[in-house]
Amino acid sequence: MAKEKDYREILNERLQDPAFKAEWDAVALERQTSCAIINAREEAHLSLEQLAALTGIKESMIRRYESGSGLPSLKTLDRLAQAMGLRIQIRFVSPEEADGLA
């Protein structure tokens, strides 16, 4: 029986396609921001509703940020972080490190 490919193997194959890579790169910031918000909220054991109540940000907006269809301002990211007992940190990294491929 053939070994099933994992996410990284499939992604690496797809990234060989220039059109796919261009789109992947175009939404990198949204994807990374989305993952950061979701991971932090889950680690804080907060529901979307609870995070919205703590921040005063509409639940629908937080849902957009988590889906990657909206990009919050730095001020909004700071409000989200503070509500979860965190601080934001901004770093400049290589594209490979940002994508988790380094």
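This passage walks through helix packing, salt bridges and some surface residues in a predicted model.

Two of the helices make a good starting point. Helix α3 (residues 28–43) packs against helix α5 (residues 59–67) at an angle of about 120 degrees, and their axes are 6 Å apart. That angle makes α3 oblique to α5. On the α3 side, the contact involves Ser34, Ile37, Ile38 and Arg41, which meet Tyr65, Glu66 and Ser67 of α5.

Helix α5 also has a salt bridge of its own, between the side chains of Glu59 and Arg63, at 2.7 Å from N to O. These two sit four residues apart in the helix, or about one turn. Glu59 is partly exposed, with 29% relative accessible area, and Arg63, at 43%, counts as partly exposed too.

Salt bridges turn up elsewhere as well, and the count comes to five. Among them is the pair Lys5 and Glu13, whose closest N and O atoms are 2.6 Å apart. Lys5 is partly exposed at 47%, and Glu13 is partly exposed at 43%. Another one joins Arg91 and Glu97, at 3.6 Å from N to O. Here Arg91 is exposed, at 55%, while Glu97 is partly exposed, at 39%.

The surface has a greasy side to it, too: Leu74, Ile88, Ile90 and Phe92 make a nonpolar patch of about 500 Å². Ile90 belongs to the loop between α6 (74–83) and α7 (95–98); its relative accessibility is 59%, so Ile90 counts as exposed.

Finally, Ala53 is found in helix α4 (residues 48–55). With 67% relative accessibility, Ala53 is exposed. Its C-alpha atom lies 34 Å from that of Glu23, 30 residues away along the chain.

Terms used
Residues numbered from 1 in each chain as written. Predicted model: local features only at pLDDT ≥ 70, side-chain atom pairs only at ≥ 80, totals over all residues. Heavy atoms only, no water. Patch = residues over 30% accessible without salt bridge, like charges linked within 9 Å, V, L, I, M, F, W, Y side chains within 5 Å. Areas by Shrake-Rupley, 256 points an atom, 1.4 Å probe, with all protein chains shown as cover. Salt bridge = Lys/Arg side-chain N within 4 Å of Asp/Glu carboxyl O. Buried < 20%, exposed > 50% of the residue type's maximum accessible area, 1.4 Å probe, protein only. Axes fitted to C-alpha atoms, helices over the stretch in contact; angles between N-to-C directions. Parallel < 35°, antiparallel > 145°, perpendicular 65-115°, else oblique. Contact = heavy atoms within 4.5 Å.
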